[in-house]
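Let's take a walk through this one together, starting with a term we'll need along the way. Keep the viewer open as you read.

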Amino acid sequence: MASNKPSVPKGTRDFSPVEMVRRNYIFDTIKSVFRKYGYQEIQTPSMENLSTLTGKYGDEGDKLIFKILNSGDFWGEAEKQQQKAEAFQFSSRSLLPVLSEKALRYDLTVPFARYVVMHQNEISFPFKRFQIQPVWRADRPQKGRYREFYQCDADVVGSESLLNEAEFVLIYQEALSKLGLRDFTIKINNRKILTGIAEIIGKPELIVDMTVAIDKIDKIGLDGVEKELLERGFTSGDIEMLRPVILLKGDNAEKLEKLKAVLEPTSVGKAGIKEIETIFDYLARLSSSSLPNVELDITLARGLNYYTGAIFEVKTNEVAMGSIGGGGRYDDLTGMFGLKGLTGAGISFGADRIYDVLDELKLFPEQSSEITKVLITNFDQDAEKYALPLLFSFRNKGIAAELYPSAAKIKKQMAYADSKNIPFVLLIGSEEIQSGELTLKDMKSGQQEKLTKEELIKKLS
RNA sequence: GUGGUUUUAGCUCAGUUGGUUAGAGCGCCUGAUUGUGGUUCAGGAGGUCGUGGGUUCGAGCCCCAUAUUCCACCCCA
């Protein structure tokens, strides 16, 4: 086994030139919309202190954090610990802080919260930031799920206005439309409504179990949800009360009316309804058309523990794929880092899933693989010498140009231009050098014409 | 973390009950065309059959382990 076949770690990928063009198209589109709504870009390190990340994503989440092994003699450190404290027992739990104190970023929201706390004195609130960087999860890969993937987050901290939530809907709407998606659903819900429902049933402590179960309605159906609710500690009486809420039908206004009646006894539930109404009201004033793909979905829960108000999730209906975006309001995210009373709200686009969707729907624009405008052929040393100042002039005028780097066969040089999708090839042989009229070939039509340097620059600019 | 699945040429895939020298299409290289790509024609190179063990006279094919791919569950973008 001297020579291993090279490979990349499970769930990671290389991105070749064509893929990068397409990925940047996605990033640039999303970025331009973020900027349009007043969000500024930041970046944070790929790794964070492990203590920054642990405990923020729940037990399931913590397991998926990629931990970085300490450098140096960690085994010696472990033994030193044991000598110092007799009570120190070797176990996965006790050894972890000795073996690892850094970890790869799991999402962009928690590092952002850390950033806000560390930079609170330089930041003027409300602070609107966006961030596009990879995150890592030690998950088992499958369709649309990678161990390294990019998130595109926009978050605002220090503003409790529901205008932010309304604008998030518009950002989703605009960015996804720009990318060519037509049939997608922006689902919206409110944690307070879910809390209200749990209160009415009289099981507020089981709210997480309730939401996890009803979130699966699309997947496992009503019977499955009811079965899971029973397993999670609800009685059949509770389920009787829940059923009409889960099966809520109609358009957004109708759903709101029905919910209002159900949630009348709970102040928190009513507050949730009011928030949704306010967001819809903002949206009605902020957009020219009604937004047909915004849908109030009471079964939308999302896993993350820290959402307290609005919850978003975006799904495409054109391809079978998990959610391509999500987000929500979290009242006290920075509290875990010691800065209390700062509210935040944010959304995320899953760039890799969006890529897979656009790829499957063949929605990537065609022209994008053309980069170099003109290739100058290389006949021999004399021609190369003649070509260099010309190459310089082309680039000076902003024309993307290449000189073939060796005097290879013209056939090969033409094939190179063809494979790279270069639209023009300039042929400079002894004839052209003498006359000063150079042969420009249009690769698409196959036509050739003789042009002077000035004419070339004019034509290629 | 649980259950299943995939892996054969650069790519997409054939390969019979275990039997000589493992095939195709596309791509690549060379030539027809020493100054012309994408079309055509002729020729050519390229394979530790994912990896490591085992069974067998003999393994791409059977068994074990491991990696990887994809899928479902959990959870999530």
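Contact, as used here, means heavy atoms within 4.5 Å. Keep in mind too that this is a predicted model.

With that in hand, go to Tyr307, which sits in the loop between strand E8 (294-296) and strand E9 (310-316). Not counting residues up to four places away in sequence, Tyr307 touches Arg191, Arg302, Gly327, Gly328, Arg329 and Tyr330. Is Tyr307 buried or exposed? Its relative accessibility is 7%, and the cut-off for buried is under 20%, so Tyr307 counts as buried.

Tyr307 also turns up in a record. UniProt, in an unreviewed entry, puts the feature "binding site" at Asp107, Leu108, Thr109, Arg137, Gln151, Asp155, Arg302, Tyr306 and Tyr307. Let's pick another residue from that list, Gln151, which is found in strand E6. Gln151 is buried as well, with a relative accessible area of 11%. Leave aside its neighbours within four places in sequence, and Gln151 is in contact with Asp107, Leu108, Gln131, Ile132, Gln133, Val135, Arg137, Ser348 and Phe349. Asp107, Leu108 and Arg137 are among the positions in the UniProt feature, too.

Now for the RNA. How many residues surround RNA strand B? There are 45 of them, and the closest are Lys143, Arg302, Ser323, Lys409 and Gln448. Of the atoms of RNA strand B that come within 4 Å of the protein, sugar and phosphate account for 50%. Sorted by type, the residues of this surface come out as 12 nonpolar, 13 polar and 20 charged.

A few individual contacts are worth zooming in on. At Tyr146, a backbone N or O atom lies 2.8 Å from a base nitrogen of RNA strand B. Gly325 has a polar backbone atom 3.4 Å from a sugar or linking oxygen of the RNA strand B. Asp418 uses its side chain instead: a polar atom there is 3.1 Å from a sugar or linking oxygen of RNA strand B. As for the elements involved, strand E6 (148-157), helix H16 (410-419), H17 and strand E15 (438-442) are the ones that give two or more residues to the surface near RNA strand B. The largest share, 6 residues, comes from H16.

On to the charged pairs. Side chains of opposite charge can pair when their charged atoms come close. How many salt bridges does the structure hold? The count is 30. A good one to look at is Glu165 with Arg329, where the closest N and O atoms are 2.7 Å apart. Glu165 lies in helix H7 (residues 163-178) and Arg329 in strand E10 (residues 325-330), so this pair ties together parts that are 164 residues apart in sequence. Both Glu165 and Arg329 are buried. You've met Arg329 already, by the way, as one of the residues that Tyr307 touches.

Glu432 and Lys450 make another salt bridge, at 3.9 Å from N to O. Here helix H17 (residues 430-435) supplies Glu432 and strand E16 (residues 448-451) supplies Lys450, so the pair ties together parts 18 residues apart in sequence. Glu432 is buried, with a relative accessible area of 9%, whereas Lys450 is partly exposed at 39%.

For a pair inside one helix, try Lys260 and Glu257, whose closest N and O atoms are 3.7 Å apart. Both lie in helix H12 (residues 252-263), 3 residues apart, which is about one turn of the helix. Lys260 counts as partly exposed, at 32% relative accessibility. Salt bridges also link Asp209, Lys216, Glu228 and Arg232 in a network.

Finally, here are two residues with opposite surroundings. Lys362, in the loop between helix H14 (351-361) and strand E12 (374-376), is exposed, with a relative accessible area of 71%. Its C-alpha atom is 9.8 Å from that of Gly180, although Lys362 and Gly180 are 182 residues apart along the chain. Ala103, in strand E4 (residues 100-104), is buried at 0% relative accessibility. Beyond residues up to four places away in sequence, Ala103 touches Ser46, Met47, Glu48, Leu50, Leu53, Ile65, Phe66, Lys67 and Ile68.

Key:
Residues numbered from 1 in each chain as written. Chains lettered and ligands numbered in written order. Predicted model: local features only at pLDDT ≥ 70, side-chain atom pairs only at ≥ 80, totals over all residues. Heavy atoms only, no water. Salt bridge = Lys/Arg side-chain N within 4 Å of Asp/Glu carboxyl O. Helix = DSSP H or I, 4+ residues; strand = E, 2+ residues; numbered from the N terminus. Buried < 20%, exposed > 50% of the residue type's maximum accessible area, 1.4 Å probe, protein only. Near = heavy atom within 4 Å. Polar contact = N/O pair within 3.5 Å; in protein donor to acceptor, adjacent residues only side chain to side chain. Nonpolar A, V, L, I, M, F, W, Y, C, P; charged D, E, K, R; others polar. UniProt positions renumbered as here; feature names shortened; annotations may be inferred.
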